[in-house]
Amino acid sequence: MNKSIIKDIEVKVLELPLKKQWKISLYAAKTRAHAVLKITTEDGIVGYGEASPSPAFMGETGYTIKLVIDKYLKPVLIGQDIFSVDKLHERMNFSIYGNYAAKSTVDIALYDAMGKTLGVPVYKLLGGKCRQDVELSWVVGMQDLEGAIEEAKEKIKLGYKALKVKVGNTPEIDYNLVKTIREAVGQDVPIRLDANQGYDYKTAVEVFSKIEEFGLESIEQPVERWDIEGLKFVKNRLKTPIMADESVSSLHDVNRIINERAADIVNIKVGKVGGLSIAKKIATILESAGMTATAGSNLEVGIGSAASVHFVISSKNVNLPNDLLLGGPLHEYDIIKGGLDMVDGKVICPENPGLGIDVDESIFK
Ligand SMILES: [Mg+2]
């Protein structure tokens, strides 16, 4: 009497307005296209998924996700069991290569539906709790210097445990920005920099060997995603740990980073790599190499952020502050009603079945 069979899949694209322009070295935007997916099983259980990749970062958007799911993924998923996660990824990969954000929305919805079917929160399906709550970092996007300083001070006051500062502008602007933020927030706040591929490997060493005197927790993706040798070149010449983000966009990318010892840390985004099941595999592979990770954000709002919280709560070596409550505060409005709150710079894991959030169903009307 197994009725955990996928009966229907529906995808909506919501282009949500941002409160102010979001700018990193790759792009600038005032809205974000989110793909929200709803899986219904024959039991009548509903699971939700969400992804909101930026075109410049991943080559996918909410709009391509809808197309890919409707045309390529839905036909191979309908009639299948939600509990056959690996098999469903195999079917999706056979149907279309890549498109990991599209596959993430499906994977997240499968976990939400599995949890609701069994009456357990998603983290219990992922191995149970390794920690009680998730420490949060705030990401300061590119903007004028005064705005960046004000935002950094305000977020630390609100309780965020670390700052991630977007760099990859010009060497002078980056140097000044980090210097001024360090002076503004004091020595104790961990500062992570994210260049989003903004420099070539030689310039990256020149720029960051000067900036690291201000005290950095890590430097994320200093060079182009494909330049693994360049990443390693930078890592071997700086004191600060180097983090790979864009360079690890799928399960297989992580091997090369480990084999070449090209980074110290990996930014695992659930919505970047193919969902919770793939994120867990990447975390385990990193653990096998003695490496740690953080969980970043693609500016997902409530559904995608909740998925990432369950991932971090259940993953031992994802132990740095995470950018998980970023999309919600950056957007004008969310698609969940409450559920993910920050207490003392940490997000408390939802305990209700599935993702444990209350999705605003009116978005599907
Ligand atoms: Mg990044």
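Where is the place of Lys280? I looked it up in the predicted model. Lys280 sits in helix α12, which covers residues 276-288.

**Entry 1: Lys280**

I checked whether Lys280 is buried or exposed. Its relative accessible area is 16%. The cut-off for buried is under 20%, so Lys280 counts as buried.

Next I listed its contacts, leaving out residues up to four places away in sequence. Lys280 touches Leu126, Phe311, Ser314 and Ser315. I then looked at Leu126 again, this time for polar atoms. The backbone oxygen of Leu126 lies 3.0 Å from a polar atom of the Lys280 side chain.

I also took one distance, from Lys280 to Glu60. The two are 220 residues apart in sequence. In space, their C-alpha atoms are 22 Å apart.

**Entry 2: the sheet**

I turned to the strands. How many strands form the open sheet, and in what order? There are three, in the order β1-β2-β3, and the pairing is antiparallel. The edge strands are β1 (6-24) and β3 (46-51), each of which pairs on one side only. From one strand to the next, the twist averages 20 degrees.

I noted what packs on this sheet. Helix α4, residues 100-118, does so and touches β1, β2 and β3. The direction of α4 makes about 150 degrees with that of β3.

**Entry 3: β1 with β2**

I followed the pairing of β1 with β2, which spans residues 27-41. The two strands run antiparallel and are joined by 14 bridges. They form a hairpin with two residues between them. I picked out two positions. Leu14 stands opposite His34 in β2. Glu15 has Ala33 of β2 as its bridge partner.

A general reminder for my notes: side chains in a regular strand alternate between the two faces of the sheet.

**Entry 4: β2 with β3**

I moved to the other pairing. Six bridges link β2 and β3, again in the antiparallel sense. Val36 stands opposite Glu50 in β3. This hairpin has four residues between the strands. I checked its backbone and found that Gly44 takes a positive phi near 90 degrees.

**Entry 5: burial of β2**

Why is β2 described as largely enclosed by the rest of the structure? I looked at the burial of its 15 residues. Eleven of them are buried, so the strand is largely enclosed.

Conventions
Residues are numbered from 1 along each chain as its sequence is written. This is a predicted model: local features need pLDDT of at least 70, side-chain atom pairs count only at pLDDT 80 or more; totals for chains, interfaces and linings use all residues. Side-chain values use heavy atoms; hydrogens and water are left out. Two strands pair if DSSP finds at least two bridges between them. Axes are lines fitted to C-alpha atoms, for helices over the stretch in contact, and angles run from 0 to 180 degrees between N-to-C directions. Contact means heavy atoms within 4.5 Å. Buried means under 20% relative accessible area, exposed over 50%, partly exposed in between (1.4 Å probe, protein chains only). A polar contact is a pair of N or O atoms within 3.5 Å; within protein, one must be able to donate a hydrogen and the other to accept it, and residues adjacent in sequence count only if both atoms are side-chain atoms.
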